[in-house]
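Me: Please walk me through the ligand site and the charged pairs of this model. Keep the answers brisk.

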Amino acid sequence: MSIAYRNGALHVEHVALEDIARQHGTPCYVYSSALIRAAYLEYTEALAGRNGLVCYSVKANSNLAVLALLARLGSGFDIVSGGELARVIAAGGDARKVVFSGVGKSEAEIEQVLRARILCLNLESEAELARVSRVASRLGLRAPVAFRVNPDVDPNTHPYISTGLKQNKFGVAHEDAERLYREAAALPGIEVVGIGCHIGSLMGDTGPYVEATERLADLARRLEHAGIRLQHIDVGGGVGIRYRDETQKPIRDFVEGALGALAGRTEQVVFDPGRSLVGNAGVLLTRVEYVKPGDTKNFLVVDAAMNDLQRPALYDAWHDVRPVRAPLAGAAGAATVCDVVGPVCESADFLAKDRALAASEGDLLAVMSAGAYGMSMSSNYNTRPRAAEVMVAGHRIHLVRKRERVEDLYALESVPNEL
Ligand code: LLP
């Protein structure tokens, strides 16, 4: 099961992308349920025999069908808002397998997750500890907490998605952790259950991951000496995927690396992967509106834009762009260097730059590796309705989010009479 050409046409599992475009139009996100399942099983197989839990990071792709698929496989969830918890529950996920991270948890969110009896709140500051203790005491509950510890390890990734360094806003400093744990253990309404960590996203190599996990193991040891026993160690997410030709260590190596760093420890090991579960399971299907020749290169103006897939504009991210109909052998000479751009009025509105493509008006293109941080980061900029989302399962096409209608976009707005 894969995303590949068959008889000259790009397929997701057994479905031709041309059929999806015909039925549901473009732009359209298309996900392969088999690829998501396979990536999830890579984690659980590498964890076999160890007390482990995979908590899918909802922010990567929060479509209910994606969440439901993972929930049915036994996955837990890593959330960063009350809204994400609502989605997890709506999708049939188990609140007792939910960890809640984020630097700005509101009182209302803390109350919501405590009432739902989630597994753990990953605290990111002393002020948050005080707030959680207060809310839990008011509710007559004990809040299960961990500190997200900042191990000050460089994940060697894009600065916008690196989170484990001292200068980042995330987590508490490694040197402060022991003091905070002692403080937490003495507070009413608090039950210390774990340690959390996430050093950054899109890691190609296991080195920084293993180093960060070793620092967590070391902290767990010191806490044990101080009489604080933990139930789990959350090593975070961040396993990368291949977008282009990067060297990428497989999921198994990351899991084995973390387990090695935690050898001899008996706590449950929690992983919070996002991108590595869904990233390469999705494409953004788009149609060429115009071919616009330029002096130095051509522009392919397509019907998807930065509001649909923000990663190229925001991070200068590279996504492969493939023609849905494979070029005939020998036609390679017809390819010209093109920028693939959208209709949005911003120069940053591009999906790909300087690609050799031979596309004409009306052709379909697939922007690859778009399953993570694609739809979940989309917007309505330029009053563009969000794309439809489709989940493929074998031969079947399921529309899992309808294309928005323009009326939906201003339905919450009103015009005061006296204007
Ligand atoms: N856990 C925590 C606490 C996180 O902050 C994140 C991602 C994850 C897990 C999942 O990381 P992953 O396994 O997906 O790398 N929008 C960016 C990525 C931002 C990641 C934010 N945190 C992008 O499109 O590359």
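Reply: Questions and answers on the ligand and the salt bridges follow. This is a predicted model, where local features need pLDDT of at least 70, side-chain atom pairs count only at pLDDT 80 or more, and totals for chains, interfaces and linings use all residues. Residues are numbered from 1 along each chain as its sequence is written, and side-chain values use heavy atoms, with hydrogens and water left out.

Me: Which domains give residues to the shell around the ligand?

Reply: Domain bounds come from an automatic or database domain assignment. Both domains contribute to the shell, so the ligand lies between them. They are domain 1 (3-30 + 279-409) and domain 2 (33-277).

Me: A polar side-chain atom of which residue lies 2.6 Å from an oxygen atom of the ligand?

Reply: A polar contact is a pair of N or O atoms within 3.5 Å; within protein, one must be able to donate a hydrogen and the other to accept it, and residues adjacent in sequence count only if both atoms are side-chain atoms. Backbone N or O atoms approach ligand oxygens at 2.9 Å from Gly274 and at 2.8 Å from Arg275. The polar side-chain atom at 2.6 Å belongs to Tyr373.

Me: How much of the ligand's accessible area does the protein cover?

Reply: Accessible areas come from the Shrake-Rupley method with a 1.4 Å probe; for residues, only the protein chains shown count as cover. On its own, the ligand has 580 Å². The protein covers 92%.

Me: How many residues apart in sequence are the parts that Glu178 and Arg222 tie together?

Reply: The two side chains form a salt bridge (a side-chain nitrogen of Lys or Arg within 4 Å of a carboxyl oxygen of Asp or Glu), at 2.6 Å from N to O. Glu178 lies in helix 7 (residues 174-185) and Arg222 in helix 8 (residues 207-225), so the parts tied together are 44 residues apart. Helices here are DSSP runs (H or I, at least four residues), numbered from the N terminus.

Me: Is Asp308 buried or exposed?

Reply: Buried means under 20% relative accessible area, exposed over 50%, partly exposed in between (1.4 Å probe, protein chains only). Asp308 pairs with Arg384 in a salt bridge at 3.0 Å, and Arg384 has 15% relative accessibility. At 1%, Asp308 counts as buried.

Me: Which residues do salt bridges that share partners join into one network?

Reply: One salt bridge here is Glu107 with Arg138, at 3.6 Å. Glu107 is partly exposed at 33%, whereas Arg138 is exposed at 51%. The network joins Glu107, Glu111, Arg115, Arg134 and Arg138.

Conventions: Helix = DSSP H or I, 4+ residues; strand = E, 2+ residues; numbered from the N terminus.
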